[in-house]
Amino acid sequence: MAKKKTIIFIKIGYLILISVVLLNMGLKTLPSNIYGDGDEYAQMTVSFYNHNTPDLQTKDSLLVRQDFKNFHGEKLKNQVYFKSKNGKWYSFHFWGYSALTTPIYALLKYLNINPERSFMVLNILAYILTSWVLMFYLYKGKDLTGVIYSVVLLFSGISWYLRWSQPEVLSFCLFYMAVLLMFKKKHYVSSILIALASLQNPPIALFLPLLFFFIWFNEKGIPYKKLITVTLLGSIALLP
């Protein structure tokens, strides 16, 4: 019993520690900037904030230049937006990451904190939530396996991308959990997470066939029902 309490204390302590340290970095100490495709994600975030849709409107362009000081300029009619048949402008990038960023962006604006930090905060929260899942769901036993996997995740390379205004951290966290879930034989959830991660990073969808064959070779006989269900759940990756 004493050992179990110690393990729980270490898990909670570690989660609190990384939450305080990383959120402080994201909200205060790390310099904010717009990297890579961050211009488009910033525009879509502002679009969701203004009218709950990802299409770019004139008022969005004005607000994004106001709130994102390192915004690199309007990119409406070049390589990153296209005009739909109904006359609206949409980014080539999937809007999910921006939709998740929007409530954080709104909260930071309300608190008078630099809204440009919204992406950093979302990336950090993705890591913290993944760590919680690892420690208190996937590996909730009487050892520190979940903590070890959380540390491995942090030093796997995502720490370099916490400042990145793109969905790489979020996608990798989802993929990381999916792989561990696969080995824990939680194939349905694994399939869903792979599909969700691939919405922002399409090459991740290539792992779905591997999951399919992993199930096939590790089950007695041919588990038709499970394979069909995994395939249907993985079809989320086909969303536009």
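**Exercise 1. Classify N112 by solvent exposure and describe its backbone.**

Step 1. N112 has a relative accessible area of 73%, so N112 counts as exposed. This value, like the others below, comes from a predicted model.

Step 2. In the chain, N112 sits in the loop between α4 and α5 (118-138).

Step 3. The phi angle of N112 is near 60 degrees, a positive value in a residue other than glycine.

Step 4. K185 can be treated in the same manner. Its phi is near 65 degrees, again positive in a residue other than glycine. K185 belongs to the loop between α7 and α8 (187-200), and K185 is exposed because its relative accessible area is 58%.

**Exercise 2. Describe the overall build of the chain.**

Step 1. Take the secondary structure. The chain contains 10 helices and two strands. Along the sequence their order is α-α-α-β-β-α-α-α-α-α-α-α.

Step 2. Take the dimensions. Along the principal axes, the C-alpha atoms fill a box of roughly 55 × 45 × 25 Å.

Step 3. Take burial and surface. Of the 240 residues, 46% count as buried. The accessible surface comes to about 13,000 Å², and carbon and sulfur atoms hold 68% of that surface.

Step 4. Take the contacts. Among contacts with a separation of 6 or more, 67% are between residues 24 or more positions apart.

Step 5. Take the charges. The chain carries 24 positive and 11 negative charges, and the mean positions of the two sets lie 13 Å apart.

**Exercise 3. Find the salt bridges and place their residues.**

Step 1. A search of the whole structure gives two salt bridges.

Step 2. One of them joins the side chains of K109 and D67, with an N to O distance of 2.9 Å. This pair links distant parts of the chain: K109 is in helix α4 (residues 96-110) and D67 in helix α3 (residues 58-67), and they are 42 residues apart.

Step 3. Assign the exposure of both partners. The relative accessibility of K109 is 23%, so K109 counts as partly exposed. D67 has a relative accessible area of 8% and is therefore buried. The cut-off that decides the two cases is 20%, under which a residue is buried.

Step 4. The side chains of K226 and E219 also meet in a salt bridge, at 3.1 Å from N to O. E219 counts as partly exposed because its relative accessibility is 27%.

**Exercise 4. Work out the surroundings of two residues in helix α7.**

Step 1. Locate C173. It lies in helix α7 (residues 168-183). With 1% relative accessibility, C173 counts as buried.

Step 2. List the contacts of C173. Neighbours within four places in sequence being left aside, C173 touches A126, Y127, T130, L153 and I158.

Step 3. Check one of these pairs by backbone distance. C173 and I158 are 15 residues apart along the chain, and their C-alpha atoms are separated by 8.8 Å.

Step 4. Turn to S171, which is also found in helix α7. S171 counts as buried because its relative accessibility is 3%.

Step 5. List the contacts of S171. With neighbours within four places in sequence left aside, S171 is in contact with A197, Q200, N201 and I204.

**Exercise 5. Which residues form the nonpolar patch on the surface, and which helices supply them?**

Step 1. The patch is formed by F213, W216, F217, I222, Y224, I228 and L232. Together these residues have about 790 Å² of accessible area.

Step 2. Helices α9 (207-218) and α10 (224-234) each supply at least two residues of the patch.

Step 3. Take I228 as a single member. I228 is located in helix α10. Its relative accessibility is 52%, so I228 counts as exposed. The limit for this class is over 50%.

**Exercise 6. Is L210 buried or exposed, and how far apart are the C-alpha atoms of L210 and I8?**

Step 1. L210 has its place in helix α9.

Step 2. The relative accessible area of L210 is 51%, so L210 is exposed.

Step 3. L210 and I8 are 202 residues apart along the chain, and 35 Å separates their C-alpha atoms.

Methods
Residues are numbered from 1 along each chain as its sequence is written. This is a predicted model: local features need pLDDT of at least 70, side-chain atom pairs count only at pLDDT 80 or more; totals for chains, interfaces and linings use all residues. Side-chain values use heavy atoms; hydrogens and water are left out. Helices (H or I, at least four residues) and strands (E, at least two) are DSSP runs, numbered from the N terminus. Buried means under 20% relative accessible area, exposed over 50%, partly exposed in between (1.4 Å probe, protein chains only). Contact means heavy atoms within 4.5 Å. Accessible areas come from the Shrake-Rupley method with a 1.4 Å probe; for residues, only the protein chains shown count as cover. Lys and Arg count as positive and Asp and Glu as negative; His and the chain ends are not counted. The place of a charge is taken as NZ of Lys, CZ of Arg, CG of Asp or CD of Glu. Patches are made of residues with over 30% relative accessible area and no salt bridge: like charges are joined within 9 Å, nonpolar side chains (Val, Leu, Ile, Met, Phe, Trp, Tyr) within 5 Å. A salt bridge is a side-chain nitrogen of Lys or Arg within 4 Å of a carboxyl oxygen of Asp or Glu.
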